[in-house]
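Me: Could you take a close look at one part of this model for me, the nonpolar interior, and then work outwards from there? I'd enjoy a connected walk through it, with the reasons spelled out where there are any.

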Amino acid sequence: TLLMKLDGIVDHNNTTTSTSSSSSSRATTRIFVIGTTLNMEWVDPAIRRPGRLDKVLVLEKPDWMTRKQIVLQQIKPTKEGYEGDEGEEDEEENLGDVASFVAQHTTNCTGAELVKLCQEARINCLQQQQEQQGKEGQERGNGYDHERNDISVAKVLGIRHFEALLL
């Protein structure tokens, strides 16, 4: 039925139009097909036939620089009121190295996949911080310090947190 509607053979009430009235039906009935796919070849060739889809918008996967910018955006310090200390330049350089590494190893990733990857790496980093703080807290006689964990993950987030996810 969809193909018949796209071709203007069936009007909006699912009744077959005659050839003489099909031009008037086309003028009053418009069909919008909106869809997404990772591979246009997966779409049925009957739908892709010329004249059925007027416009096809192709969004390419991000290039290396765009992937690096996406990663930098995701791993930069997020704590409100965060003020860098003396090592801020080294931290930015470290984040740039991490972003370059990730961009280099994610050639076929979409922007959404990069965001998810960064979220998983942050979770890995936080879990390692919690384990470390828990061990230190047990040695001192106190437990995990939630306030201390508010320190920006960006200060300790490194390539090692991405390697397990990428390699």
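Reply:
**From a lone sulfur outwards**

Let's start with Cys-118, whose sulfur has its closest cysteine partner in Cys-109, 9.9 Å away, which is too far for a bond. A disulfide would need the two sulfur atoms within 2.5 Å, and by that rule the count comes to zero. Please keep in mind that this is a predicted model, so everything here describes computed coordinates.

What, then, surrounds this cysteine? Cys-118 has a relative accessibility of 1%, so it counts as buried. Cys-125 gets the same label, because its relative accessibility is also 1%. Cys-118 belongs to the largest nonpolar core, a group of 14 residues, and it is listed among the members that touch the most others, alongside Val-71, Ile-75, Val-98, Val-102, Leu-157 and Phe-162. Helices α4, α5 (88-104) and α6 (111-140) each give two or more residues to this core. In soluble globular proteins, nonpolar side chains tend to be buried together.

Val-98 is a good place to zoom in. Setting aside residues up to four places away in sequence, Val-98 touches Ile-75, Leu-157, Gly-158, Ile-159 and Phe-162. Three of those names, Ile-75, Leu-157 and Phe-162, also appear in the list of well-connected core members.

Now to Lys-116 and Glu-120, which form a salt bridge with their closest N and O atoms 2.6 Å apart. Side chains of opposite charge can pair when their charged atoms come close. Lys-116 and Glu-120 sit four residues apart in helix α6, so about one helical turn separates them. Glu-120 counts as partly exposed because its relative accessibility is 29%. If you search the whole structure, one salt bridge turns up.

Moving to helix α4 (residues 64-75), we meet Trp-64. With a relative accessible area of 32%, Trp-64 is partly exposed. Beyond its neighbours up to four places away in sequence, Trp-64 touches Ser-100, Ala-103 and Gln-104. Thr-107 lies 43 residues from Trp-64 in sequence, yet their C-alpha atoms are 7.3 Å apart.

Further out we come to Ile-47, in helix α3, which is partly exposed because its relative accessibility is 22%. The C-alpha atoms of Ile-47 and Leu-2 are 8.9 Å apart, although their positions lie 45 residues apart in sequence. Leaving out neighbours within four places, Ile-47 contacts Leu-2, Leu-3, Arg-52 and Leu-53.

Leu-2 also leads to the surface, where it makes a nonpolar patch of about 230 Å² together with Ile-31 and Val-33. Val-33 lies in the loop between α2 (22-28) and α3 (45-48), and it counts as partly exposed because its relative accessibility is 43%.

Stepping back, the protein chain has seven helices and zero strands. Of its 167 residues, 25% count as buried. Among contacts between residues at least 6 apart in sequence, 68% join residues at least 24 apart. The accessible surface comes to about 12,100 Å², of which 50% belongs to carbon and sulfur atoms.

Terms used. Residues numbered from 1 in each chain as written. Predicted model: local features only at pLDDT ≥ 70, side-chain atom pairs only at ≥ 80, totals over all residues. Heavy atoms only, no water. Patch = residues over 30% accessible without salt bridge, like charges linked within 9 Å, V, L, I, M, F, W, Y side chains within 5 Å. Areas by Shrake-Rupley, 256 points an atom, 1.4 Å probe, with all protein chains shown as cover. Salt bridge = Lys/Arg side-chain N within 4 Å of Asp/Glu carboxyl O. Buried < 20%, exposed > 50% of the residue type's maximum accessible area, 1.4 Å probe, protein only. Contact = heavy atoms within 4.5 Å. Core = buried A, V, L, I, M, F, W, Y, C linked by side-chain atoms within 4.5 Å.
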